[in-house]
Amino acid sequence: MYRAKRAIVIDENLEKVYAIAQTYPRFVDFYKKKDVIFESQEKIVVRMASSFYGIVLHWEGEGIKNKNKSINFTQTKGLLKGLRADWMFEPQDNKTKVTIRAELRFNSLLGEILERPLGLLFVPNTLIKILSLLKNAVENKASVT
């Protein structure tokens, strides 16, 4: 199993941060494709693609939303099928700490061998980019309104 965790503090209250975060992947500009297949207050299903080192990878995933508390994403199809990314939101005065915990686990011997290298290759930088884009989206929107 491969695990990674990244966090960021955003200069805005919890409700405003969550309101933008729940629109993922719309605020992520580095995805080549980001189609929302289904969306409700409790769930989002997406089909996405991104280029990693010149190779375009396609995947699908779903997120289960727990308003102002968490969003739990799971990749349901694609190279990293089973990848979980749990987003947690914590108020801190008039700011919000957003933490993403990712876990990659394959259910085969070959998969177990590949978990760490694939995780290291794809996960940490992606988490950092997503958190930075979320921070920018929230803080720029807050300064405009």
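Which residue lies over the face of F30, and at what distance from the ring centre? That's K129, sitting 5.1 Å from the ring centre. A charge gets this label if NZ of Lys or CZ of Arg is within 6 Å of the ring centre and within 35 degrees of the ring normal. Before going further, some ground rules: this is a predicted model, where local features need pLDDT of at least 70 and side-chain atom pairs count only at pLDDT 80 or more, while totals for chains, interfaces and linings use all residues. Residues are numbered from 1 along each chain as its sequence is written, and side-chain values use heavy atoms, with hydrogens and water left out.

Let's stay with the rings. A pair of aromatic rings is described by the distance of the centres and the angle of the planes. Here, rings of Phe, Tyr and Trp (its six-membered ring) pair if their centres lie within 6.5 Å; planes under 30 degrees apart are stacked, over 60 edge-to-face, and the rest tilted. Eight such pairs turn up in the structure. Take Y24 and Y31: their centres are 6.2 Å apart and their planes stand at 80 degrees, so this pair is edge-to-face. Y31 also pairs with F30, this time in a tilted way, at 4.8 Å centre to centre and 55 degrees between the planes. Pairs like these link Y24, F27, F30, Y31, W59, F73 and W87 into a cluster.

How hidden are these rings? Buried means under 20% relative accessible area, exposed means over 50%, and partly exposed is in between (1.4 Å probe, protein chains only). Y24 and Y31 are both buried, Y31 with a relative accessibility of 8%. F30, the ring under K129, is partly exposed at 22%.

Some of those aromatics show up again in the largest nonpolar core, which has 40 residues. Such a core is a set of buried Ala, Val, Leu, Ile, Met, Phe, Trp, Tyr and Cys residues joined through side-chain atoms within 4.5 Å. The residues with the most contacts inside it are Y24, F27, W87, F89, V98, I130 and L134. Plenty of elements chip in: β1, α1 (14-21), β3 (43-52), β4, β5, β6, β7 and α2 each supply at least two residues. The largest share, nine residues, comes from α2. For these names, helices (H or I, at least four residues) and strands (E, at least two) are DSSP runs, numbered from the N terminus. I130 is a good one to click on: leaving out residues up to four places away in sequence, I130 touches Y24, F27, V28, F30, Y31, W87 and I100. Contact here means heavy atoms within 4.5 Å.

Now for the strands. Two of them pair if DSSP finds at least two bridges between them. β7 has partners in both β1 and β6: β1 pairs with β7 in the antiparallel sense over nine bridges, and nine bridges also join β6 (residues 84-92) to β7, again antiparallel. To get your bearings, find I8 opposite V98 in β7, and A85 with its bridge partner A102. The hairpin of β6 and β7 has two residues between the strands, and D93 there takes a positive phi near 55 degrees. T99 belongs to β7 and is buried at 5%. Not counting neighbours within four places in sequence, T99 is in contact with K5, R6, A7, D86, W87, M88 and E90.

Charged pairs come next. A salt bridge is a side-chain nitrogen of Lys or Arg within 4 Å of a carboxyl oxygen of Asp or Glu, and the whole structure has 11 of them. In one, E103 meets R3, with the closest N and O atoms 3.2 Å apart. E103 is in β7 (residues 95-104) and R3 in β1 (residues 2-10), so the bridge ties together parts 100 residues apart in sequence. R3 is exposed at 58%, whereas E103 is partly exposed at 23%. E60 and K77 form another, at 3.8 Å; E60 is in β4 (residues 55-66) and K77 in β5 (residues 70-77), so this pair ties together parts 17 residues apart in sequence. By contrast, E139 and K135, bridged at 2.9 Å, both lie in helix α2 (residues 109-144), four residues apart, about one turn of the helix.

Salt bridges that share partners also join R26, E39 and K65 into one network. Q22 is in contact with residues including E39 and K65. Q22 itself is in the loop between α1 and β2 (31-39) and counts as buried at 19%.
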